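Hi,

Here is the structure I said I would pass on to you. Have a look at it first, and then read my notes below.

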Amino acid sequence: MADSAQAQKLVYLVTGGCGFLGEHVVRMLLQREPRLGELRVFDLHLGPWLEELKTGPVRVTAIQGDVTQAHEVAAAVAGAHVVIHTAGLVDVFGRASPKTIHEVNVQGTRNVIEACVQNGTRFLVYTSSMEVVGPNTKGHPFYRGNEDTPYEAVHRHPYPCSKALAEWLVLEANGRKVCGGLPLVTCALRPTGIYGEGHQIMRDFYRQGLRLGGRLFRAIPASVEHGRVYVGNVAWMHVLAARELEQRAALMGGQVYFCYDGSPYKSYEDFNMEFLGPCGLRLVGARPLVPYWLLVFLAALNVLLQWLLRPLLLYAPLLNPYTLAVANTTFTVSTDKAQRHFGYEPLFSWEDSRTRTILWVQATGGSAQ
Ligand SMILES: NC(=O)C1=CN([C@@H]2O[C@H](COP(=O)(O)OP(=O)(O)OC[C@H]3O[C@@H](n4cnc5c(N)ncnc54)[C@H](O)[C@@H]3O)[C@@H](O)[C@H]2O)C=CC1
Ligand SMILES: CC(C)CCC[C@@H](C)[C@H]1CC[C@H]2[C@@H]3[C@H](O)CC4=CC(=O)CC[C@]4(C)[C@H]3CC[C@]12C
C-alpha cells in the first residue's frame, strides 16, 4: 500500500458478528486492527453487548439483517473495504431443514460475494470448516493432515455439503473484477472444532455432568483424536488474514487455510475434560462404557424419534448417526501454511486458552446465561 494511504481508515463488515466466533472476531478487530475506522456487525440476532462497544473510539454499527436477503447484504456491504463472512447455520443435529441450511450457508455466501462485486469491495475472508474435508462418510481417519493431504472428501449431511459448496463459491470468486475494475481477493479459513468462551456444546456437557452428579460417561475410545482450536486464535487468524490479503493478494488469493494452534490432540471427551475436570466433573471409564453397536442403535433411534415427534416438538439430541461418525473418527491437522503465507502465530498459548475457557465455564456454566 502506498505511504499516503497508510493512514487510511478502513471499514470492516463482520457477518454473523454476534455468534460464538463472530463476537471474538469483532472484539479482536477492535483490539488489534489499527487501521479500523468503522466496524459493521451484521447478524440475524444482535447481542446486547454491542452497546458497550459503541462508546469506544471506533465507530461500531450494528446491522440486524439476514444473509439470505440479497438487498440487506448489499446495503451492509456498500462502502466496506473488507468483509469477514462468519455467518452460518451450524446445525448437525437436525434442528433446521436441509433447505434452510443451504439457503443460509450457500445462498447467503453467494449474496455476500455478489454484494462485494457490486460495491467494489475487494477483500473477503470466509469462515469455512474442517468439515468441508472430513470426516468423510466412510469414516477414514485424517491424521495430522494439512491443506494438501489427499483425502476422499465425500459428504451427505447438509451442513458439510453446504460449507463445501460455499467455500468453493468463495474461492472461485477470487480474481473476479469488482465494481471499479480491480480484482476481488478471497480466502477461506477452515477451523477444526472451536472451543473457548461462548462454546454452547461445552456448556451443555457441563450442565449434563452436573445433573449426573458430577460425572460424564466415556462414549468414544480415547484413541480417536480430534483437532480443536481456541476461539481467540481463530479470531486472530481471521483478523490477520483480512489485514494481509491486500499486500499478499497473489499468494493468499483463492487459498484455504486450516485454523490451528497449540491445543493438544485428544479425543473429544478427553479434550473437554481439560476444562470440565477443573470445574469438578469426572469422566468415568478408561474405555467406552457403552458398546459401539448400542451407540449406533441409539443414534438411529434418535433419528426415528426426531421424525416421529416433529409435528409436536423439536427433538434434537447431540447423538445422531452423523455426530457419532464425526466424534468417532480421527481428524487432526498439522500445518504451518498460515504462518508461511501471512505470518500467523497463535496469539494465545494452550495454557492461556485453557485457563480462559475454564474461567468461562466456571462463571457461566451453571447459570442460565
Ligand atoms: N463452532 C465450530 O466448532 C465451528 C464453526 N465453523 C464456522 O464458523 C462460523 C461461525 O460459527 P459459530 O460461531 O460456531 O456459530 P454461531 O451459531 O454461534 O454463529 C453464527 C452466527 O451467524 C448468525 N446467522 C445465522 N443465520 C444468519 C442469517 N441468515 N443471516 C445473518 N446472520 C445469521 C447467527 O445469528 C449467529 O450469530 C460458521 O460459519 C461455522 O460454519 C467452522 C468450524 C468449526
Ligand atoms: C456422545 C456423543 C457421541 C458425542 C457427541 C459429540 C458431538 C456432538 C461433537 C463431536 C465432534 C463435534 C463436531 C466437530 O467439532 C466438528 C465441527 C465443525 C463445524 O464446522 C461445526 C461443528 C462440528 C460439526 C462439531 C459439532 C459437534 C460434534 C459432532
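Helix 5 lies across strand 5, strand 7 (185-191) and strand 11, and helix 5 runs at about 150° to strand 7. Contact here means heavy atoms within 4.5 Å. Helices (H or I, at least four residues) and strands (E, at least two) are DSSP runs, numbered from the N terminus. For the angles, axes are lines fitted to C-alpha atoms, for helices over the stretch in contact, and the values run from 0 to 180 degrees between N-to-C directions.

Before you go further: this is a predicted model, where local features need pLDDT of at least 70 and side-chain atom pairs count only at pLDDT 80 or more, while totals for chains, interfaces and linings use all residues. Residues are numbered from 1 along each chain as its sequence is written, chains are lettered from A and ligands numbered from 1 in the order in which they are written, and side-chain values use heavy atoms, with hydrogens and water left out.

Now the sheet. It is open, has seven strands in the order 3-2-1-4-5-7-11, and its pairing is parallel. (Two strands pair if DSSP finds at least two bridges between them.) Strand 3 (59-64) and strand 11 (255-259) are the edges, each pairing on one side only. On average, neighbouring strands are turned by 20° against each other, direction ignored. Inside the sheet, strand 4 (residues 82-85) and strand 5 (residues 123-127) run parallel and are joined by four bridges; valine 82, for instance, has phenylalanine 123 in strand 5 as its bridge partner. Helix 3 (residues 70-77) also packs on this sheet, where it touches strand 1 (10-15), strand 2 (36-43), strand 3 and strand 4, and its direction makes about 165° with that of strand 2.

Next, the ligands. Which residues are closest to ligand 1? Of the 25 residues that surround ligand 1, they are Leu21, Asp43, Asp66, Tyr159 and Lys163. (A residue is near a molecule if one of its heavy atoms lies within 4 Å of it.) By class, that shell has eleven nonpolar, eleven polar and three charged residues. In this scheme Ala, Val, Leu, Ile, Met, Phe, Trp, Tyr, Cys and Pro count as nonpolar, Asp, Glu, Lys and Arg as charged, and the others, Gly among them, as polar. Oxygen atoms of ligand 1 also come up against the backbone: one is 3.1 Å from a polar backbone atom of glycine 19, and a backbone N or O atom of isoleucine 194 lies 3.0 Å from an oxygen atom of ligand 1. (A polar contact with a ligand is a pair of N or O atoms within 3.5 Å.) The protein covers 86% of the 820 Å² of accessible area that ligand 1 has on its own, using the Shrake-Rupley method with a 1.4 Å probe.

Ligand 2 has 17 residues around it, and Val90, Ser129, Glu131, Tyr159 and Gly193 are the closest. An N or O atom in the side chain of serine 129 is 2.7 Å from an oxygen atom of ligand 2, and a polar side-chain atom of tyrosine 159 lies 2.7 Å from an oxygen atom of ligand 2. Here the protein covers 88% of the 610 Å² that ligand 2 has on its own. Helix 11 (residues 321-327) gives the most to this shell, with four residues.

Two oddities to finish. Most residues other than glycine have a negative phi, and most peptide bonds are trans. Yet the bond from glycine 134 to proline 135 is cis, with omega near 5°, and arginine 144 has a positive phi of about 50°.

Cheers

Note on methods: Polar contact = N/O pair within 3.5 Å; in protein donor to acceptor, adjacent residues only side chain to side chain.
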